[in-house]
Amino acid sequence: MDLVIHSGDVFDSVRPATHVIIGFLKQTARITALSGIPYLVAAGNHETPRLRTTTAALEYANLVNVVSAHGYELDYELVEIGGVGVGVTLAPHGAVLGTGAATPDKDADINILVTHGMVPGLEARSYEMGEANLKSGLIEGGFDYVALGHYHEFHRHRQNAYYAGATERFGFGEVGFEPGFAIVELSDGEPEVEHVPIETRPMIDLPKISAREMDASELAEAVRERVSDADLDGAIVRLRVYDARRGVTSGVDRELLRDLQRRCLHFSLEVHAEEESAAEEREGPVTAVFGSLEEELEAFVKARREHGEIEEKFAEEFLEKGKAYLTRAASEEVSS
Ligand SMILES: [Mn+2]
């Protein structure tokens, strides 16, 4: 007997577009209403309202018999599956800061914790992971399995704790990730966890071009050469050019770019005047997770301040005003 667990984010905002909600409800109803499989979800950071009075879109999930936790407290549900009592503790993103520890239910046969955030000491590739917000006490409570959400790549944290990974890639920082989901089998021993890749739109980061010494026609030729033997149809594609002289891109064939934009789901030609190392220093390290809007604004301002692009005083005012706007926008979600 089966059980479906979603460790968030389901939506990328508190108020997603209508077609997104409909799509989610239709597909989820196939699991719950049509197949009768229990489905539980703990909300992620993107879909958690910043104000407790705002209704989260994830609440719609309840209409199709999903058990969803999207508030600021732990939720617990005992699900009876083929005579086995499965205790599912849901720790949505809103609850992880205020919650010290979660403990398994002694009366359940199997205990699962579902939560969303960064575990302490996550070592995955060479990405900048952001600060851990899942305190170790939360996930060390002796659960048979901990289903983690937030980091987008399938990742084993411990023998009983895994990130299932996302079902799509969300930026070029994730170009090497394999989207999919995880099948977890729980018996008496260690959980058996299998990552199941799913077919998604291909994402291609073409080999970079160093354009030093190139004139417009040479750059156009280099672009044509890069795209000629790649299978770009329907793909999300990026081609980066570094060290480009002023004005050379205007020489790149418009017709070629139009054709690429037609063939690809998304084609971006990124042209940088500086060398690759300088551009990367300015952009900062690739990140595979996204924080709250406030965190992103802070990181954006900090990077530019450190690089001397903006003055200290301006940076402070900018940050202060920006945060005030974000707070006001959040409060408007309630009244509208
Ligand atoms: Mn998240």
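**Close-ups of a predicted model**

**View 1. Inside the largest nonpolar core.** In this predicted model, the largest nonpolar core has 43 residues, and Ala 91, Ile 112 and Val 114 are the ones that touch the most other members. Several elements chip in with at least two residues each: strand E2 (39–42), strand E5 (84–91), strand E6 (110–116), helix H2 (136–139), strand E7 (145–149) and strand E9 (161–163). If you're wondering about the general idea, nonpolar side chains tend to be buried together in soluble globular proteins.

**View 2. Zooming in on Ile 112.** Which residues does Ile 112 touch, leaving out those up to four places away in sequence? Its contacts are Ile 5, Val 86, Val 88, Phe 143, Asp 144, Tyr 145 and Ala 147.

**View 3. Another core, apart from the largest one.** Here you're looking at a core of 15 residues that lies apart from the largest one. Leu 219, Val 223, Tyr 242 and Phe 267 are among its members.

**View 4. A six-stranded open sheet.** Follow the strands across and you get the order E4-E5-E6-E7-E9-E8, with mixed pairing. Strand E4 (75–81) and strand E8 (155–158) sit at the edges, each pairing on one side only. On average, neighbouring strands are turned by 20° against each other, if you ignore direction.

**View 5. Where E4 meets E5.** These two strands run antiparallel and are joined by seven bridges. Look for Tyr 76, which stands opposite Thr 89 in E5.

**View 6. Stepping back to the domains.** The domain assignment splits the chain into domain 1 (4–197), domain 2 (203–280) and domain 3 (292–335). Taken over C-alpha atoms, the centres of domain 2 and domain 3 are 32 Å apart.

How values were computed: Residues numbered from 1 in each chain as written. Predicted model: local features only at pLDDT ≥ 70, side-chain atom pairs only at ≥ 80, totals over all residues. Core = buried A, V, L, I, M, F, W, Y, C linked by C-beta atoms within 7 Å. Buried ≥ 20, exposed ≤ 12 C-beta atoms within 10 Å, placed from the backbone. Helix = DSSP H or I, 4+ residues; strand = E, 2+ residues; numbered from the N terminus. Contact = placed C-beta atoms within 7 Å. Domains from an automatic or database assignment. Pairing = 2+ DSSP bridges. Axes fitted to C-alpha atoms, helices over the stretch in contact; angles between N-to-C directions.
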